[in-house]
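Here are my notes on the model you sent. Please read them with the structure open.

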Amino acid sequence: SQWLRKDWEKVKQDVMYKALLAKFSQHSNLRDMLVKTGNRQLIEHTSRDSYWGDGGDGRGQNNLGHLVMKVRAQLHVAFKGQQSPSSGNSSNSPANVHYPPGNWMINESSTDPEDNESNDSRWPCLCVLL
């Protein structure tokens, strides 16, 4: 496309990773929300994109979800030991966190999307807007 960098296919993962790292590093509320997801799988659930998302049926590459999980791991190490506004409150443990509506799903049980297909209540949403 005329609007994309000529090398976009080579650099898009790195560009997105740097943008996500900047976003979650600069906004403590978003960082806290992300870190509270623990080690759960994050899925960009959309039928409109099978590269960045899951393609709506779990068969997509979910590259955005993988990058957000990579950012989460880095932030967990970088901010370990720092008191966040929500830490120390047992009601904010990952199982009790309220996630606002959005296209992000956190798989709390199986890593196989088909296992959760009939029970959307297992997939609380984490809204991550770019």
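1. The crossing of α1 and α3 is right-handed. This is a predicted model, so read every point below with that in mind. The two axes cross at roughly 45 degrees and come within 9 Å. Angles from 35 to 65 degrees fall outside the parallel and perpendicular classes, so α1 and α3 count as oblique to each other.

2. Which residues make that contact? On the α1 side they are Q13, M16, Y17, L20, L21, F24 and S25. On the α3 side they are N63, L64, L67, V68, K70, V71, Q74 and L75.

3. Look next at the nonpolar core. The largest one has 15 residues. Within this core, L20, F24, L34 and V71 touch the most other members. Three helices, α1 (8-26), α2 (28-35) and α3 (63-78), each supply at least two of its residues. The largest share is that of α3, with six residues. As general background, nonpolar side chains tend to be buried together in soluble globular proteins.

4. F24 deserves a separate look. This residue lies in helix α1. Is F24 buried or exposed? Its relative accessible area is 3%, so F24 is buried. In sequence, F24 and V71 are 47 residues apart. In space, their C-alpha atoms are 7.9 Å apart.

5. Now α1 as a whole. Its 19 residues should span 27 Å at 1.5 Å a residue. The end C-alpha atoms are 25 Å apart, which agrees. Buried in α1 are V11, K12, M16, Y17, L20, L21, K23 and F24. Note that this list includes the lysines K12 and K23. The cover over the buried residues of α1 includes α2 and α3.

6. How do α1 and α2 pack? Their axes are 5 Å apart, at an angle of about 105 degrees. The two helices are therefore roughly perpendicular to each other. From α1, the contact uses K23, F24, S25 and Q26. From α2, it uses S28, L30, R31 and L34.

7. What is buried in α2? The residues are L30, R31, D32 and L34. An arginine and an aspartate are thus listed beside two leucines. Among the elements that cover these buried residues are α1, β1 (41-44) and α3.

8. The third helix pair is α2 with α3. Here the axes are 10 Å apart and the angle is about 100 degrees. That makes α2 roughly perpendicular to α3. R31, L34 and V35 of α2 meet V68, V71, R72, L75 and H76 of α3.

9. On α3 itself, the helix has 16 residues. From its first C-alpha to its last it reaches 22 Å, close to the 22 Å expected at 1.5 Å a residue. Its buried residues are N63, L64, G65, L67, V68, M69, V71, R72 and L75. R72 is therefore buried by the cut-off of under 20% relative accessible area.

10. H76 is also found in α3. With a relative accessible area of 43%, H76 is partly exposed. H76 and K36 are 40 residues apart along the chain. Their C-alpha atoms are separated by 9.5 Å.

11. Check the backbone at N62. This residue lies in the loop between β1 and α3. Its phi is near 55 degrees, a positive value in a residue other than glycine. Most residues other than glycine have a negative phi. Is N62 buried or exposed? At 5% relative accessibility, N62 counts as buried.

12. Last, the chain overall. Its secondary structure comes to three helices and two strands. From the N terminus on, the order is α-α-β-α-β. Of the 130 residues, 37% count as buried. Take the contacts between residues at least 6 apart in sequence: 60% of them join residues at least 24 apart.

Terms used:
Residues are numbered from 1 along each chain as its sequence is written. This is a predicted model: local features need pLDDT of at least 70, side-chain atom pairs count only at pLDDT 80 or more; totals for chains, interfaces and linings use all residues. Side-chain values use heavy atoms; hydrogens and water are left out. A nonpolar core is a set of buried Ala, Val, Leu, Ile, Met, Phe, Trp, Tyr and Cys residues joined through side-chain atoms within 4.5 Å. Buried means under 20% relative accessible area, exposed over 50%, partly exposed in between (1.4 Å probe, protein chains only). Helices (H or I, at least four residues) and strands (E, at least two) are DSSP runs, numbered from the N terminus. The expected span of a helix is 1.5 Å times one less than its number of residues. Axes are lines fitted to C-alpha atoms, for helices over the stretch in contact, and angles run from 0 to 180 degrees between N-to-C directions. Angles under 35 degrees count as roughly parallel, over 145 as roughly antiparallel, 65 to 115 as roughly perpendicular and the rest as oblique. A crossing is left-handed if the near helix is turned anticlockwise from the far one by less than a right angle, and right-handed if clockwise. Contact means heavy atoms within 4.5 Å.
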